[in-house]
Amino acid sequence: MTFNRKNQLANLSKLYNSNENQVVVFYSDSDSDIHEIIKDFLRDKEFFYYRALQLSSDEQINQFRNSINKQLIKSVITEPGYYGALKAMMEAKCEKRVVVIDEFQHIIKYSNELVVEILKCINNKWGNQPVLFILLSSNAFFVENQMVEKLKETAYEIAGIIKLNELTFIDLMRHFSRFSKEELIVSYAILSGKSKRILAFNNNTTLKQNIIDTLLSEEGVLYKKGMNILPPELREHSVYNTILINIAKGNNKLSDLHKATGYERSKISVYLSNLMEHNLIEKIESFDTLGKENTVKGVYSIKDGLMLFFYRFIYPNLSELLLSDKEKFYKTRIEPYLCDFAKYAFKKVCFEYMSILNKMEKLPIKAESFGTWIGKLGNIDIVLSDNEDRNIICLCEYEKDNISYEDFEWLKFMVKQAKLSGDYYYLFSKKGFDERLLYIAESSDDLFLIDLSML
């Protein structure tokens, strides 16, 4: 494996080493290294594997049986349905077997029959030969929001649900050891923590050259990915493209999208729901405070970094890109706006930093809740709160080189708007702080200043 996934392998190995029959769900977002992890886990083990497609229920059963039949060595499937295939697998002699059902959401979206039959298997001993069923999925939204509804009562018999999280900024720093911190922030903004996309960048060249080679060239891996980033099952790509281009412009509320596109609100809501189902956008819920009258609701953002890059820079300028020199295009259409584009990734990095400090108990409070407060006059980038309603307030500034005292005063005004107590303040800056802030912080126990070099 290219990336360190020892914890995930250890979790799977612990389940495998159990003497019990078990069924677990192992899932991730798209473009992860989940299949590489499974391949590594299955090495030297007896296993059966089936990759589900989007098919009718009857055809899915046929494909499942055909696939398993080819993997059986000394036996054949003699009984009908999923039961017949599972029974034949269970009768194959071995110490312990693993059965992997890949992209299982394509099966249970239409019927939970397979899971019902799997549960029958794990409740039988089958000659005291234990079995581990792994239900694999690269659709995190489905697992987190729809799976239980589809599985009904059978969901409660699943032994465990393991999520393969995206790689963090620390992982990115380890992988791109030759990149500057500024290059890493922008890379994180484009690639997110998706391992397959991270592997497309070359550690031995500059960020600029990586963008030109992989994102602006028609032969680039990420260019091809970006041009086909909308899943094929989403119909009317013209509508999705229109909505996404406008979200990338900053029209991130339903009313804004209605004015910008002319589409009915009800229509826009359906398309936004579909995009959220595929984990491409998110609806940002404001941190819950007493200042509800000053809070903005229903703000949408493009969650996928590559998608945001394409809908902000590539699609609106595609004709120019195809005809112009790539380096010139980079200098005029991308480079001047990279700091603004990367500000969301910088906020994510700050969030990860605070999360690590919180786990290590190195913050002045033990935070139990994290979030962003979205106000009518402005936002609070990160709020951390404990059980005693003490708060840490964070400002994450990447567009400007330095944070000024006036910026700090505005942040405190936002805290009043949110009706929060500002017990501690953490200010994150791209490069530094003005002299007045530095002077105040020297003798303050509640103001902490962190620049990019410290992350």
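Let's start with the surface: the protein exposes about 22300 Å², and carbon and sulfur atoms supply 47% of that. Keep in mind that this is a predicted model, and everything I'll mention is computed from it. On the inside, 53% of the 455 residues count as buried.

Okay, overall shape. Along its principal axes, the C-alpha trace spans about 80 × 55 × 50 Å. How does the radius of gyration sit against that of a compact globule? For 455 residues you'd expect a value near 23 Å, and the protein has 25 Å, so the two agree.

As for what it's built from, the secondary structure comes to 22 helices and 14 strands. And the chain folds back on itself quite a bit: take the contacts between residues at least 6 apart in sequence, and 67% of them join residues at least 24 apart.

Now let's zoom in on one helix, α10, which runs over residues 181-191. Is it mostly covered or mostly exposed? Mostly covered, with nine of its 11 residues buried. If you want to find them on screen, they are E183, L184, I185, V186, S187, Y188, A189, I190 and L191. So what do those buried residues pack against? Quite a list of helices: α9 (169-175), α11 (195-198), α12 (207-216), α13 (221-227), α17 (305-314) and α20.

Right after α10 comes S192, and S192 has a positive phi, near 55°. Two other residues are worth a look for their phi. E236 has a positive phi of about 55° even though it is not a glycine. You'll find E236 in the loop between α13 and α14 (237-249), and it is partly exposed, at 47% relative accessible area. Then there's K419, again not a glycine, with a positive phi near 60°. K419 sits in the loop between α21 (405-418) and β12 (424-429), and at 44% relative accessibility it counts as partly exposed too.

While we're on loops, have a look at K362, in the one between α20 (338-359) and β8 (369-374). K362 is exposed, with a relative accessible area of 54%. How far is K362 from S192, the residue we just met after α10? Their C-alpha atoms are separated by 26 Å, and the two residues are 170 apart along the chain.

Alright, on to charges. The protein has 59 positive and 63 negative charges, and the mean positions of the two sets are 3 Å apart. Side chains of opposite charge can pair when their charged atoms come close. How many salt bridges does that give us here? The count comes to 27, and I'll walk you through a few of them.

One of them is between D102 and R51, at 3.5 Å from N to O. This pair links distant parts of the chain: D102 belongs to strand β3 (residues 97-102), R51 to strand β2 (residues 46-51), and they are 51 residues apart. Which of these two is buried? D102 is, with a relative accessible area of 0%, while R51 is partly exposed at 40%.

Next up, E144 and K163, where the closest N and O atoms are 3.0 Å apart. Here a helix is tied to a strand: E144 lies in α7 (residues 140-145) and K163 in β5 (residues 160-163), 19 residues apart. Both ends are partly exposed, E144 at 43% relative accessible area and K163 at 30%.

A third salt bridge joins the side chains of E219 and K224, with 3.8 Å from N to O. Why does E219 count as exposed? Because its relative accessible area is 62%, and exposed means over 50%. K224, at 45%, counts as partly exposed.

And some of these salt bridges share partners: D31, R197, K225 and D304 are joined that way into one network.

If you'd like one place to begin when you open the structure yourself, try α10 with its nine buried residues, then step along to S192 and its positive phi. That's it from me.

Notes: Residues numbered from 1 in each chain as written. Predicted model: local features only at pLDDT ≥ 70, side-chain atom pairs only at ≥ 80, totals over all residues. Heavy atoms only, no water. Salt bridge = Lys/Arg side-chain N within 4 Å of Asp/Glu carboxyl O. Helix = DSSP H or I, 4+ residues; strand = E, 2+ residues; numbered from the N terminus. Buried < 20%, exposed > 50% of the residue type's maximum accessible area, 1.4 Å probe, protein only. Rg over C-alpha atoms; globule rule 2.2 N^0.38 Å. Contact = heavy atoms within 4.5 Å. Areas by Shrake-Rupley, 256 points an atom, 1.4 Å probe, with all protein chains shown as cover. Lys, Arg positive; Asp, Glu negative; His and termini not counted. Charge placed at Lys NZ, Arg CZ, Asp CG, Glu CD.
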